[in-house]
Amino acid sequence: MSDFEYPRPQLVRSNWQCLNGPWEFAFDDERRYSQPEQEIQWTHQINVPFCPESRLSGIGDEGFHNVVWYRRTFDLALRGTRTLLHFGAVDYHSRVWVNNKLVCIHEGGHTSFCADITDALIEGKAQTIVVQAEDDPQDLAKPRGKQDWLREPHSIWYPRTTGIWQTVWLEQVPSTYIKTIRWTPYFDGFEIGCEIQAAGDRHDGLTVEVKLWHDGQLLADDYYKLMGQEANRKIAISDPGIDDSRNVLLWSPERPTLLDAELTLRCAGTVLETIRSYTALRSVAINRDRFMLNGRPYPLRLVLDQGYWPDGLMTAPNDAALKRDVELAKAMGFNGVRKHQKIEDPRYLYWADKLGLLVWEEMPSAYAFSPRAMTRLLHEWGEAIARDYSHPCVIVWVPFNESWGVPNLTSMQAHRNAVEALYHMTRMLDSTRPVIGNDGWEASATDILGIHDYDNDPQRLKARYEVTDPARTLFDQRRPGGRILTLDGFPHRGQPIVLTEFGGMAFDPKAPAHKTWGYARANTAEAFYKAYRELLEVVGSTQMFSGFCYTQFADTFQEANGLLNADRTPKIPLEQISAATQNVPLVVEPPPSPG
């Protein structure tokens, strides 16, 4: 496995080129440059895709820098095809030139973008890419997630990420090519929706052949005519009817069945291109007070995952690290993660699809409310949903967390309108998944009621949530986190209740307490395990909850409240964590018999 695998795993072409590696780099704090033709002083070399604040970039400068520049050359064999230049993510506002020709402008630090650079290429010469990234470190009106606005990270915020932080890559496509694929599972009818959009030169007579396989067995081989360069069809799969036979085809964390796909685009019978993809058959829904997976109640055992690494910050050191994070979450007994304040790399979602791990996707917050901030958030959130819609692992969308960016929900109608607008926009863009309008407290429009409660006394938690009349006792009289759980006019309507943040127990015997942060603290591994076990016994057996999300997966900078250390080594044996997470007895293997 190489460090960086194919960056877009649900639309795969063989003809691609990775541009990660050494680039020329310059800070531009005084904003001296505006065009690549200027004599930019390339003072550094940077290891893309790592941001300049990270050690893996080769720079490791965590200071305030508003503007940065990148440059590299590449060779490309031109064959009369189109060449597309892709960026996984660049924080925050980027301009891209190829051979001094502006090919792309993009705003948004967490989503991918692409430029057709065919007309900018010069045959017979090395090609030059220049990127300018503007990222005001103190701008609180842009989606920034956990990136700190202070010089030194404090409390629950972390070092900043400036510029390129996901893979840069090229691919060559025919003059007319498949631009996007969108898969939608229809569990009730045992069907897979397939939406295809072509791009490039327009032709009449475009058709697409779609093949689906399961475990090498052909399930479907359908042909569709593209109308206006688009096709939108449902592919029927034979429904075996009996649960045991159905379960072989259904995707779940316990059995992550993926359906391999191949799509061939033709014009008047001539093959233009063939691409590979995958999809899955599964449903997520809400039924009264339960979360449903594939038509059955499904208890959620989630862990909050910040998605940071000590040396790479928001960028994993390699693809194997992304895979390992999925494996570790499952090894600790969790069936899902809540990706907190981060739109994760599609390679992580690929491994979650393949290995079987549920993902709650959450929009990184802006922290100042204004029309500009909400416009930015709406735009980037729409891009994130479009990019990740087809991943079966993604089961819930969360546009707001803990009223961040909308701090006056109890008193200002504009703040309420923002949450309700994002909720309804998300439901419009994807009607197949539940949406949490504002997770934690002060809920209005929402399909799941998420509660954040960091009380680390198990008996107090038990008394708080084992109540016979939650509508009166919990929602009207008690204030977990010191906040009301639902806003006036939005009483609890019987939606599932999930304890979406709790725990946060800090344990790091190697660091002084004043240099680490947590909601509570354990001083020994035994005390850490005891506290975790007792909390999970209460939370996992509370009938009110449809699931939980423990804080958190791994230590993250000054936050020492992970189940794993920052380097992903476990603080206590994984077997102990897994048994406690699942609220089952710890099975101790007997020692081998002598001889």
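Which residues is serine 283 in contact with, leaving aside its neighbours within four places in sequence? In this predicted model, the partners are Phe187, Met292, Leu293, Asn294 and Gly295. Serine 283 sits in the loop between strand S19 (270-279) and strand S20 (284-287), and with a relative accessibility of 17% it counts as buried, because the cut-off for that label is under 20%. Below is a tour of the cores, a helix, some individual residues, the cavities and a few backbone oddities.

**Nonpolar cores**

- The largest nonpolar core has 97 residues, and the members touching the most others are Leu300, Trp360 and Trp381.
- Helix H8 (residues 525-541) is the top contributor to this core, giving eight residues.
- There's also a second, separate core, made of 29 residues, with Cys194, Leu226, Leu250 and Leu263 among them.
- Not counting residues up to four places away in sequence, tryptophan 360 touches a long list: Leu300, Leu302, Val337, Arg338, Lys339, Ile395, Val396, Val398, Ile436, Ile448, Val498 and Thr500.

**Valine 498**

- Valine 498, one of the residues touched by tryptophan 360, belongs to strand S30 (residues 497-503).
- Its relative accessible area is 0%, so valine 498 is buried.
- Along the chain, valine 498 and glycine 547 are 49 residues apart, yet their C-alpha atoms are separated by 5.0 Å.
- Glycine 547 also shows up among the contacts of valine 498, together with Leu300, Trp360, Ile448, Leu449, Gly450, Ile451, Ser546 and Phe548, once neighbours within four places in sequence are set aside.

**Helix H3 and its ends**

- H3 (residues 346-355) is mostly covered, with eight of its 10 residues buried.
- The buried ones are Pro346, Arg347, Tyr348, Leu349, Tyr350, Trp351, Ala352 and Asp353.
- At the N-terminal end, aspartate 345 acts as the cap: one of its side-chain oxygens lies 2.8 Å from the backbone nitrogen of arginine 347.
- After the helix comes glycine 356, with a positive phi near 90 degrees.

**Two more buried residues**

- Threonine 315 is in the loop between strand S23 (300-305) and helix H2 (319-331), and it counts as buried because its relative accessibility is 6%.
- A polar atom of the threonine 315 side chain lies 2.7 Å from the backbone oxygen of tryptophan 165.
- Leaving aside neighbours within four places in sequence, threonine 315 has contacts with Pro49, Phe50, Trp165 and Trp309.
- Isoleucine 577 is part of helix H9 (residues 574-582), and its relative accessibility of 0% means that it counts as buried.
- With neighbours within four places in sequence left out, isoleucine 577 contacts Met332, Tyr532, Leu563 and Ile572.
- Isoleucine 577 and threonine 161 are 416 residues apart along the chain, and their C-alpha atoms are separated by 32 Å.

**Cavities**

- The model has five cavities of 30 Å³ or more.
- The largest cavity holds about 70 Å³ of space, and its lining is Trp183, Pro185, Thr279, Ala280, Arg282, Tyr389, Ser390, His391, Pro392, Thr432 and Arg433.
- Sorted by class, that lining has five nonpolar, four polar and two charged residues.
- The second largest cavity has about 50 Å³ of space.
- Lining this second largest cavity are Asp91, Asp135, Asp136, Pro137, Lys142, Pro143, Arg144, Gln147, Arg160, Thr161 and Thr162.
- In the lining of the second largest cavity, the split is two nonpolar, three polar and six charged.

**Backbone oddities**

- Asp91, from the lining of the second largest cavity, is joined to tyrosine 92 by a cis peptide bond, with omega near 15 degrees.
- Tyrosine 92 itself falls in the loop between strand S6 (90-91) and strand S7 (93-98).
- The bond from threonine 551 to glutamine 552 is cis too, with omega near 5 degrees, and glutamine 552 is located in the loop between strand S33 (545-551) and H9.
- Asparagine 99 isn't a glycine, but has a positive phi of about 50 degrees; its place is the loop between S7 and strand S8 (101-107).
- Asparagine 100, in the loop between S7 and S8, has a positive phi of about 70 degrees and isn't a glycine either.
- With 41% relative accessibility, asparagine 100 counts as partly exposed.

Note on methods
Residues are numbered from 1 along each chain as its sequence is written. This is a predicted model: local features need pLDDT of at least 70, side-chain atom pairs count only at pLDDT 80 or more; totals for chains, interfaces and linings use all residues. Side-chain values use heavy atoms; hydrogens and water are left out. On a 1 Å grid over the protein atoms alone, a cavity is a set of points where a 1.4 Å probe fits but cannot get out, and a pocket is an open set with protein on both sides within 12 Å along at least five of seven lines; lining residues have an atom within 4 Å of a point. Grid points are joined across faces, edges and corners, and a volume is the space filled by probe spheres set on the points. Ala, Val, Leu, Ile, Met, Phe, Trp, Tyr, Cys and Pro count as nonpolar, Asp, Glu, Lys and Arg as charged, and the others, Gly among them, as polar. A nonpolar core is a set of buried Ala, Val, Leu, Ile, Met, Phe, Trp, Tyr and Cys residues joined through side-chain atoms within 4.5 Å. Buried means under 20% relative accessible area, exposed over 50%, partly exposed in between (1.4 Å probe, protein chains only). Helices (H or I, at least four residues) and strands (E, at least two) are DSSP runs, numbered from the N terminus. Contact means heavy atoms within 4.5 Å. A polar contact is a pair of N or O atoms within 3.5 Å; within protein, one must be able to donate a hydrogen and the other to accept it, and residues adjacent in sequence count only if both atoms are side-chain atoms.
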